[in-house]
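Trainee: I keep meeting labels in structure descriptions, and I would like to know what earns each of them. Could we go through a few together?

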Number of protein chains: 2
Amino acid sequence: MQNLETPALLLDERRMQHNIERMQNRMNQLGVSFRPHVKTSKCLEVVRHQMAEGAHGITVSTLKEAEEFFRAGIEDILYAVAIVPNKLDHALRLIRHGLRLTLLVESPAMAAQIARHGEQHGICHEVMIEVDTDGHRSGIKPDDPLLLATAAELRGGARLKGVMTHAGASYDLNTPEALAQMAEQERLRCVAAAEKLRAAGYDCPVVSVGSTPTALSARHLDGVTEVRAGVYVFFDLVMAEVGVCGIDDIAISVLCTVIGHRLDQNWIITDGGWMAMSRDLGHQDHGYGLVCDADGKPVAGLGFGKANQEHGVLQWTGEGDIVERFPVGTSLRVLPNHACATGAQHTRYHVIPRKGGAWPVWQRFGGW
Amino acid sequence: MQNLETPALLLDERRMQHNIERMQNRMNQLGVSFRPHVKTSKCLEVVRHQMAEGAHGITVSTLKEAEEFFRAGIEDILYAVAIVPNKLDHALRLIRHGLRLTLLVESPAMAAQIARHGEQHGICHEVMIEVDTDGHRSGIKPDDPLLLATAAELRGGARLKGVMTHAGASYDLNTPEALAQMAEQERLRCVAAAEKLRAAGYDCPVVSVGSTPTALSARHLDGVTEVRAGVYVFFDLVMAEVGVCGIDDIAISVLCTVIGHRLDQNWIITDGGWMAMSRDLGHQDHGYGLVCDADGKPVAGLGFGKANQEHGVLQWTGEGDIVERFPVGTSLRVLPNHACATGAQHTRYHVIPRKGGAWPVWQRFGGW
């Protein structure tokens, strides 16, 4: 490991595989299809592991992801951000090449534009309506008249495929009871939206819910056909605080190296700055992440609250001489606050070999 | 502009050119060589503009930058992060291909390792000692015995080229007087370190100082041979708060599109989430940046304090109906808190054409 040029994003494949199996087994037990959100990894090898365990199709956050994964052979993709006009031609190109791309909408005006676009180009867009089940961010509430008004516009060049929701508010919870309640609320309200559409005469075959915390906390998913989740594949400190994983389940970390010391401040300077980390914070303030030794064991007394572009500034509050304990060249690993954000700072994963030997490199992509 | 797929990083070339000329003219007046820090842009076209105006060599924050810019023909590069053992072989490869690469060190132990590495491989590393002139982060204080102890190790496979400092503490100031004082402190202490080395018999030809605020605030630079600065090329909200640029000098912005609304919260949802922005904050809390209309004019009453990966959540505190005023499809531009951090989230710049017509695309790279 000490030969790897730092900073470097490490991936523990054994932990990742465990996380994938845990989620897929749960989905199998709950009797729902699973469509992982690949925005967390943006990596073909990771997604291949998810498909191999039984995932059906994927969820993406950008058309770039749709394009990359379609090129790699995945033909059923949900683009889970409400579409806008400037992206319709890109979507069309992918559909014309054979991708089964599902779009998302949350307003009658945009639904009408999608339908018009489909008609103009002689295709029928498959569209889901985003449902707001927790007031977290986007979507139409099940009892809002906009739900039926939006569905009414999906005709001609567009067809209603179903409803989807994301209970992002679950990230703010941290007890099994609260999480199970949120999962039930997500299910109930999304199913209610589907029922409302069906009662009005619309076909609404897909009912898609999900977030990592609710997917792992739902007790049953009656009426739901599909679950989506993303960050579970690596987990992170936020998920550990929510309580759906342990620190030992976190599958990625940033390897960095001690480059200097500031004795008057008890600072240890590393080559892992904000460029290699994530500023996303969980409920507890871990700063830029949890500092561990080269083996991934947390180092008590070593905080990481300050960073510049390529400098991490670690605060030592323990005993002893920092130059002796953490000499220049010392390897440290930082567990991410938010795996999606930390991963996004890197162009590849260095996969820790299971039994020594060479380190596989898995590429990841960015951009739009 | 409305045809650009969003989010997209826009670059105003006219503003950038003005910023480049302003800095280079100042350096010419002060009689020092200028070595821009290219970590801000990581873009060949941008750096070519800087070289064309008179820059001598460049400063980089990663060996990846050194590699990319050397490949493009730049042969004099300072790697301005203290080197560690795992990077020496990468440095060696570049040097063997003909790059004049200068390394940075701030401890006798690492200086000894660099010298040994040079000797083992039959080369002589050119090395600068990092000097701490403001207690901001790294380096050796001018009066610390470590300064001479570090220089003493630079023999055999390494040669002392000079001293360098970065007055990062200048980012916390915001009056011309305080900035001029900080620039003078940076100069005085870095020159003092050089003098101390010279008095002990070391050759110390280069005295390199710099940060955007001090470079633009120094009244004279006697004893300094070279200045470095990076963010001035684009400027950002932090620099505007420091007072060394105006909002109208900021040359990059993130174009995004309204994708929905949450009427009960007065939220406008866009497709510019944290993936496209920067979480770095200045003194005033601009959240994820300053929201402007499609022409780049700030929109009063529209705050940007909340974001998910691909969703920006804007808070409207003005009058009127948000759906009417900002319908789905509306273009908005967000000025960055920290240009280096926001730029890093993107793979290319869309250059605003001076007189209409096609939009040039300039690539930028990331990673290490």
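Mentor: Gladly; start with any side chain you like.

Trainee: Why is B:Glu184 called partly exposed?

Mentor: Buried means under 20% relative accessible area, exposed means over 50%, and partly exposed lies in between (1.4 Å probe, protein chains only). B:Glu184 has 27% relative accessibility, so it falls in the middle class. B:Arg187 has a relative accessible area of 9%, under the cut-off, and is therefore called buried.

Trainee: Where do such values come from?

Mentor: This is a predicted model, where local features need pLDDT of at least 70 and side-chain atom pairs count only at 80 or more, while totals for chains, interfaces and linings use all residues; side-chain values use heavy atoms, leaving out hydrogens and water. Residues are numbered from 1 along each chain as its sequence is written, with chains lettered from A and ligands numbered from 1 in the order in which they are written.

Trainee: What makes B:Arg187 and B:Glu184 a salt bridge?

Mentor: The rule asks for a side-chain nitrogen of Lys or Arg within 4 Å of a carboxyl oxygen of Asp or Glu. For this pair the N to O value is 2.8 Å, so the rule is met. The two are three residues apart in helix 7 (residues 176-199) of chain B, and so are separated by about one helical turn. Helices here are DSSP runs (H or I, at least four residues), as are strands (E, at least two), numbered from the N terminus.

Trainee: Which residues are joined into one network by salt bridges that share partners?

Mentor: They are A:Asp132, A:Lys141, B:Arg262 and B:Asp264.

Trainee: How do you know that A:Asp132 forms a salt bridge with B:Arg262?

Mentor: Their closest N and O atoms are 3.7 Å apart, which is within the limit, so the pair counts. This pair crosses between chains: A:Asp132 sits in the loop between strand 6 (125-130) and helix 6 (146-153) of chain A, and B:Arg262 in strand 10 of chain B. A:Asp132 is called buried because its relative accessibility is 3%, and B:Arg262 is buried too, at 4%.

Trainee: What can you say about A:Glu184 and A:Arg187?

Mentor: Their side chains meet in a salt bridge at 2.8 Å, N to O. Being three residues apart in helix 7 (residues 176-199) of chain A, they are about one helical turn from each other. A:Glu184, at 27%, counts as partly exposed, whereas A:Arg187, at 10%, is buried.

Trainee: How many salt bridges cross the interface of chain B and chain A?

Mentor: The rule finds six there, and 30 over all chains in the whole structure. A:Lys87 and B:Asp271 form a salt bridge as well, at 2.5 Å from N to O.

Trainee: How many residue pairs are in polar contact across this interface?

Mentor: There are 23, counting pairs with both residues at pLDDT 80 or more. A polar contact is a pair of N or O atoms within 3.5 Å; within protein, one must be able to donate a hydrogen and the other to accept it, and residues adjacent in sequence count only if both atoms are side-chain atoms. On the chain B side, helix 4 (85-96), strand 10 (252-262), strand 11 (267-270) and helix 11 (339-343) each give two or more residues. Strand 10 of chain B gives the most, with six residues.

Trainee: How many residues of chain B are in contact with chain A?

Mentor: 64 residues of chain B touch 64 residues of chain A, where contact means heavy atoms within 4.5 Å. Together the chains bury about 4900 Å², 51% of it on carbon and sulfur atoms; buried area is the accessible area (1.4 Å probe) that two parts lose on being put together, summed over both.

Trainee: Which domains is chain A divided into?

Mentor: Chain A has domain 1 (14-233) and domain 2 (246-363), with bounds from an automatic or database domain assignment. Between these two domains the count is zero salt bridges, but four residue pairs are in polar contact (both at pLDDT 80 or more).
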